[in-house]
Amino acid sequence: MDLLQQICERAKSNKQRIVLPEATEERTLKAADKVLADGLADIILIGNPDEIKKLATEWGLTSIDKATIIDPENNPKSEEYAALLAELRKKKGMTIEQARELVKNPLYLGCMIIKTEGADGQISGALSTTGDTLRPALQIIKCAPGITCVSGGMLLISKQQQYGENGVLVVGDVAVTPMPDAAQLSQIAVCTAQTAKSVAGFADPRVAMLSFSTKGSASHEVVDKVIEATKLAKELAPELKIDGELQADAALVPSVGEKKAPGSAIAGHANVLVFPNLEVGNIGYKLVQRLGDAVAIGPILQGIARPVNDLSRGCSIDDIYYMVAITACQAMDAKK
């Protein structure tokens, strides 16, 4: 069974309630139908019920009637949600009138449903920008305890099974924070290790903090940042198996790790890689994907108290389907 199948089986074993706020978008609605037919998750669709049912008939979708459909223009909980949103944002000057308009926005409405424990996670992005997806999540659901920095993790599945966890690596940040400071980088490390456990199913995440230096082989302020981030990550999550600073080959190749970082339990055995900044992370995973023929799954948003994930606007039906499974696995972990 490959990793995606394993993720789907975990999702099916404990069905979560996932909001799809872009419910009239074709790929989204078709993915929802497949999710419901397969019993992958319980789906909440936000949109006009008549339009959703009309489109489902037009596209030959037979399982949409299993979904909960919430009409943002005729929602009996609108006033309740507006009052809560105004309270959450009153320090930013939000009025009840503004809140009443915002809770008609499907992206905000989905986050309000999660905030009031009516759902477990949300996915958007087939029509919306990353900023539009993140803004209501950060305003309403907010970051997980002890975390102030949202980041993007990525699953990399390589044919080189001697690396990582039988060829699977979890890496971050590849999507959100351009130039993290040491404290933010430490949080990215902890959150990426959590993604490795909750989504990739790693029983034993081993985190390498990557740099162009290994254990003092080079001196520079950016190396100092990685060293400090490693120290802070150990304080933030004392149980975490982590080491740095390590070059990529020292992190992945046992013989190189033994030579460059003797005595390190992580060097040569890492299955989680933390990049020093977004530029390195984004370039790095795409090079591995294209030149190394690796499968890249994500980005998976990390650090939010309840999972809210972002899709590429070029996503496929399968991309949405598998992101539902990933979000469900994150939701299960967030409840622990």
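This is a short conversation about two sheets and one helix in a predicted model.

Reader: What makes β5 and β6 paired strands?
Author: Two strands pair if there are at least two bridges between them. Strand β5 (residues 151-157) and strand β6 (residues 168-172) are joined over five bridges, in the antiparallel sense, so they meet that cut-off. In this pair, I157 stands opposite V168 in β6.

Reader: Which sheet do they belong to, and in what order do its strands lie?
Author: They sit in an open sheet of six strands, ordered β8-β7-β9-β6-β5-β10, and its pairing is mixed.

Reader: Why are β8 and β10 called edge strands?
Author: β8 (241-246) and β10 (295-302) each pair on one side only. Between neighbours in this sheet, the turn averages 20°, with direction ignored.

Reader: How do you know that β4 and β11 pair?
Author: Happily, the same test applies: at least two bridges are needed, and strand β4 (residues 121-124) shares three with β11, in the parallel sense. Here Q122 is placed opposite V308 in β11. Both strands are part of an open sheet of five, with the order β3-β2-β1-β4-β11 and parallel pairing.

Reader: What makes β3 and β11 the edges of that sheet?
Author: Each has a single partner strand, so one side of β3 (68-70) and one side of β11 (308-310) is left without a neighbour in the sheet. From one strand to the next, the twist averages 20°.

Reader: Which strands does helix α6 lie across?
Author: Helix α6 (residues 106-115) lies across β1 (17-20), β2 (42-46), β3, β4 and β11. Relative to β4, helix α6 runs at about 165°.

Note on methods
Residues numbered from 1 in each chain as written. Predicted model: local features only at pLDDT ≥ 70, side-chain atom pairs only at ≥ 80, totals over all residues. Heavy atoms only, no water. Helix = DSSP H or I, 4+ residues; strand = E, 2+ residues; numbered from the N terminus. Axes fitted to C-alpha atoms, helices over the stretch in contact; angles between N-to-C directions. Contact = heavy atoms within 4.5 Å.
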